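This report covers cysteines, the sheet with its helices, and aromatic pairs in a predicted model.

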Amino acid sequence: MNILILTGKFGMGHASTARALEQRVTEELPQARVTVADIMEEAVGPASAAVVYQLFETVVRHGGTIYNKIYRSCNRESSMPIPARQRFFRAIDRLMVRTEPQVVISTLPLCTRLAAEYKKRDRGRYTLVSCITDISCHSEWIAPGVDLYCAASVQTKEALVRAGVDQNRILVTGVPVRPAFRVPAAGERRAKRVLVMGGGLGLMPEDPKFYLRLAAIPGVEVTVITGGNGELYEKLQGLAPNIEVLPFVKNVDAYMRRCDVMISKPGGITLFEAIASDLPLLAFCPALEQEKLNAAFLQQHHIGAVLPASPEPMVWVVEDLLLQRGALDEMRRNMDKLRRSMDLGALLYRLDEREEACA
């Protein structure tokens with residue numbers, strides 16, 4: 001069976017989910033041939049795609065209000081028109097010829113819409129899976145022709161049902177993460193070690209005083225992963241003996257397993273990597289619409305907290321949590337309940353059935 005996973009780098013979470021799915025499917029269904037394709041790179045080429053993604057990063061960093069306005073305007077029954085539609089369809093044509101998929105999985109709303117419309121035109125005969133990478137269920141994830149929805153949570157499933165999706169076509173899988181993200185074995189986790197991240201873009205406090213205040217908490221060791229924020233990486237070098245500063249790393253799972261609590265922006269992939277790693281998440285005060293809903297989810301399920309906007313009160317919350325007896329343990333118990341409510345194996349079972357039908 002051939003499986004095509006369509007994605008894009010509008011935020012690193014969509015591409016990370018695609019790679020996680022690729023790894024899980026390859027491990028569980030070794031006979032399947034899996035291809036991951038970046039729809040923007042396929043449509044306009046890597047160089048032009050890099051420019052588009054850089055513009056998106058600029059909007060996220062400096063134009064949150066604009067981003068949220070676009071996000072809300074798209075979340076309506078009448079979807080926004082897709083620019084350069086024919087260019088995207090030509091790219092999908094090429095991918096179809098190259099990969100001949102029986103299953104197409106989308107980890108990006110744009111890809112869901114494109115693959116659904118392509119299928120509707122009777123130009124593709126494949127099972128279409130829409131894999132939702134946030135707690136919120138934006139209308140762009142829903143399209144006629146989608147055969148199966150992978151919901152991030154029970155709440156996501158309920159939102160899909162309210163939007164008219166047949167509940168028999170919804171699986172609560174969580175947001176897929178790589179198997180490397182797992183509950184740490186006894187002895188791996190070191191108490192009072194704090195991990196600070198800001199996603200792939202390194203969207204996190206720029207003032208070194210914030211990190212010095214964290215490091216001043218008695219007995220605390222701080223690891224800071226700055227991602228693509230090279231300026232912050234340079235700024236924090238040599239700040240204090242108990243502050244470890246790293247740029248973008250490929251083995252973030254290892255750092256998550258050894259830490260007691262994580263401070264980060266509440267992106268969808270970050271949230272589910274934390275759940276998979278049994279690591280309570282303290283979220284920076286969110287600015288983007290879908291991250292506000294992710295933050296509400298972690299508060300509702302008591303698996304973390306949303307930090308105040310000001311750096312000094314942020315540190316007070318972290319210190320209180322580290323000093324409270326049993327507070328982190330309770331959050332981990334709640335994470336365990338969430339993990340048990342999610343079953344990525346259900347998707348793999350459906351794919352296995354499809355493979356047998358193709359044999």
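The model is predicted, and its count of disulfides is zero. The sulfur of cysteine 111 has its closest cysteine sulfur in cysteine 131, at 12 Å, which is too far for a bond, since a disulfide needs the two sulfur atoms within 2.5 Å. Cysteine 111 is buried, at 1% relative accessibility. Cysteine 285, with a relative accessible area of 46%, is partly exposed.

**Sheet and helices**

Six strands form an open sheet with parallel pairing, in the order β2-β1-β3-β4-β5-β6. The edges are taken by β2 (33-38) and β6 (170-172); each has a single partner strand, so one side of each has no neighbour in the sheet. On average, and with direction ignored, neighbouring strands of this sheet are turned by 20° against each other.

At one of these edges, β6 pairs with strand β5 (residues 148-151) in the parallel sense, over three bridges. Here tyrosine 149 stands opposite isoleucine 170 of β6.

Two helices are described against the sheet. Helix α5 (residues 85-99) lies across β1, β2 and β3 (103-106), and runs at about 155° to β1. Helix α6 (residues 109-120) packs on the sheet and touches β1, β3 and β4 (127-131), its direction making about 165° with that of β4.

**Aromatic pairs**

There are five aromatic pairs in the model. Two of them are listed here with their geometry.

| Pair | Centre distance | Plane angle | Class |
|---|---|---|---|
| Phenylalanine 10 and phenylalanine 56 | 5.4 Å | 85° | edge-to-face |
| Phenylalanine 210 and tyrosine 211 | 5.0 Å | 80° | edge-to-face |

Why is the pair of phenylalanine 10 and phenylalanine 56 edge-to-face? Its planes stand at 85°, and planes over 60 degrees apart are classed as edge-to-face. This pair links distant parts of the chain, with the two positions 46 residues apart in numbering. Phenylalanine 10 sits in the loop between β1 (2-7) and α1 (12-28), whereas phenylalanine 56 belongs to helix α3 (residues 46-62). Both phenylalanines are also part of a cluster, in which ring pairs link Phe10, Tyr53 and Phe56.

Are the partners in the other listed pair buried or exposed? Phenylalanine 210 is buried, with a relative accessible area of 1%. Tyrosine 211 is buried as well, with a relative accessible area of 0%.

Key: Residues are numbered from 1 along each chain as its sequence is written. This is a predicted model: local features need pLDDT of at least 70, side-chain atom pairs count only at pLDDT 80 or more; totals for chains, interfaces and linings use all residues. Side-chain values use heavy atoms; hydrogens and water are left out. Rings of Phe, Tyr and Trp (its six-membered ring) pair if their centres lie within 6.5 Å; planes under 30 degrees apart count as stacked, over 60 as edge-to-face and the rest as tilted. Helices (H or I, at least four residues) and strands (E, at least two) are DSSP runs, numbered from the N terminus. Buried means under 20% relative accessible area, exposed over 50%, partly exposed in between (1.4 Å probe, protein chains only). Two strands pair if DSSP finds at least two bridges between them. Axes are lines fitted to C-alpha atoms, for helices over the stretch in contact, and angles run from 0 to 180 degrees between N-to-C directions. Contact means heavy atoms within 4.5 Å.
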